[in-house]
Amino acid sequence: FREAASQGDEYAQYFMGICCSLGLGTEKNYEKSVTWFTKSASQGNPDAQEALASCYLSGMGVKKNTETAKELYIKAARGGNEMARERLNEMGVSWR
């Protein structure tokens, strides 16, 4: 994944974020996972947007920011991510 992620593949970047957050094949590093999620999310990957939103909501690897989390959840929900839609419903936020 690392080579494809470094070459800009949004899916590989998302999976690198997962690997860094869980410590799969690399050291566990939440800051690095945020970096990879951000790269993928900026290319419109709704799964990465949802993962990055979760980081902002919890403050994992990044300074906690509920507003940024909401914005990212909305983007992810509009992109078809069901987890983001559920989270927004729990938060009482409309995504449509």
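This passage describes helix α4, two individual residues and the aromatic contacts of a predicted model. Local features were considered at pLDDT of at least 70 and side-chain atom pairs at pLDDT 80 or more, whereas totals for chains, interfaces and linings use all residues. Side-chain values rest on heavy atoms, with hydrogens and water left out, and residues are numbered from 1 along each chain as its sequence is written.

Helix α4 covers residues 46–58, where helices are DSSP runs of H or I with at least four residues, numbered from the N terminus. With the expected span taken as 1.5 Å times one less than the number of residues, the 13 residues of α4 should span 18 Å, and the end C-alpha atoms are indeed 18 Å apart, which agrees. At the start of the helix, a side-chain oxygen of Asn45 comes to within 2.9 Å of the backbone nitrogen of Asp47; a polar contact is here a pair of N or O atoms within 3.5 Å, of which, within protein, one must be able to donate a hydrogen and the other to accept it, and residues adjacent in sequence count only if both atoms are side-chain atoms. The helix is followed by Gly59, which has a positive phi near 80 degrees.

The buried residues of α4 are Pro46, Ala48, Gln49, Glu50, Ala51, Leu52, Ala53, Cys55 and Tyr56, buried meaning under 20% relative accessible area, exposed over 50% and partly exposed in between, with a 1.4 Å probe and protein chains only. These buried residues pack against α2 (10–22), α3 (30–41), α5 (66–78) and α6 (82–91).

Asn81, in the loop between α5 and α6, counts as buried because its relative accessibility is 8%. Its side chain reaches the backbone nitrogen of Met83 at 3.1 Å. Apart from neighbours within four places in sequence, Asn81 is in contact (heavy atoms within 4.5 Å) with Pro46, Asp47, Glu50 and Ala76. Ala4, by comparison, belongs to helix α1 (residues 2–6) and is partly exposed, with a relative accessible area of 30%. With the same sequence neighbours set aside, Ala4 is in contact with Asp9 and Ala12.

Among the aromatic side chains, ring pairs link Phe1, Tyr14, Phe15 and Phe37 into a cluster, rings of Phe, Tyr and Trp (its six-membered ring) being paired if their centres lie within 6.5 Å. The count by this rule is 3 aromatic pairs. In addition, Lys39 lies over the face of Trp36, at 4.9 Å from the ring centre, the criterion being that NZ of Lys or CZ of Arg is within 6 Å of the ring centre and within 35 degrees of the ring normal.

Notes. Helices (H or I, at least four residues) and strands (E, at least two) are DSSP runs, numbered from the N terminus. Rings of Phe, Tyr and Trp (its six-membered ring) pair if their centres lie within 6.5 Å; planes under 30 degrees apart count as stacked, over 60 as edge-to-face and the rest as tilted.
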